[in-house]
Amino acid sequence: RVRWTAAATGPPVIAEGQVLMVDAGGFTARPVLTGTPATQVQVAGAGLPADATLSRIGRLVVAAGAGRLAAYG
């Protein structure tokens, strides 16, 4: 049974009970069970790296891809 779906432009990662996913304009953290957006971050300027992969280190969200690395916190 599918509990929830969401549009994403990169692979999701599970960290601290949340799914981190790159979406249009930035990234979103969603609780694994409900999928309701808990945190949405819009990334201005150059945006996230193409096909970015996200990870979390404490409060920082790190995006890596296309030869770029960016940290948000």
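1. Lining of the largest pocket, by class. The model is predicted. The lining of the largest pocket counts 6 nonpolar, 3 polar and 2 charged residues. The charged members are Arg 56 and Arg 59. Gln 18, Thr 39 and Gly 73 make up the polar group. The nonpolar group includes Leu 20, Phe 27 and Tyr 72.

2. Volume and source of the lining. The volume of the largest pocket is about 160 Å³. Which strands each supply at least two residues of its lining? Strand 2 (18–23), strand 3 (26–31) and strand 4 (39–42) do. Ala 29, Val 41 and Val 61 are also among the lining residues.

3. Val 62. This residue sits in strand 6, which covers residues 60–65. Is Val 62 buried or exposed? Val 62 has a relative accessibility of 14%, so it counts as buried, the cut-off being under 20%.

4. Val 62 and Gly 73. In sequence, Val 62 and Gly 73 are 11 residues apart. In space, their C-alpha atoms are 8.8 Å apart. Gly 73 belongs to the lining of the largest pocket.

5. Surface patch. A nonpolar patch on the surface is formed by Ile 14, Val 32 and Leu 33. Together they have about 310 Å² of accessible area.

6. Val 32. Where does Val 32 lie? Val 32 is in the loop between strand 3 and strand 4. Its relative accessible area is 33%, so Val 32 is partly exposed. That value also fits the patch rule, which asks for over 30%.

Definitions and conventions: Residues numbered from 1 in each chain as written. Predicted model: local features only at pLDDT ≥ 70, side-chain atom pairs only at ≥ 80, totals over all residues. Heavy atoms only, no water. 1 Å grid on protein atoms, 1.4 Å probe; cavity = no way out; pocket = protein on both sides within 12 Å on 5 of 7 lines; lining within 4 Å. Points joined across faces, edges and corners; volume = space filled by probe spheres on them. Helix = DSSP H or I, 4+ residues; strand = E, 2+ residues; numbered from the N terminus. Patch = residues over 30% accessible without salt bridge, like charges linked within 9 Å, V, L, I, M, F, W, Y side chains within 5 Å. Areas by Shrake-Rupley, 256 points an atom, 1.4 Å probe, with all protein chains shown as cover. Salt bridge = Lys/Arg side-chain N within 4 Å of Asp/Glu carboxyl O. Buried < 20%, exposed > 50% of the residue type's maximum accessible area, 1.4 Å probe, protein only.
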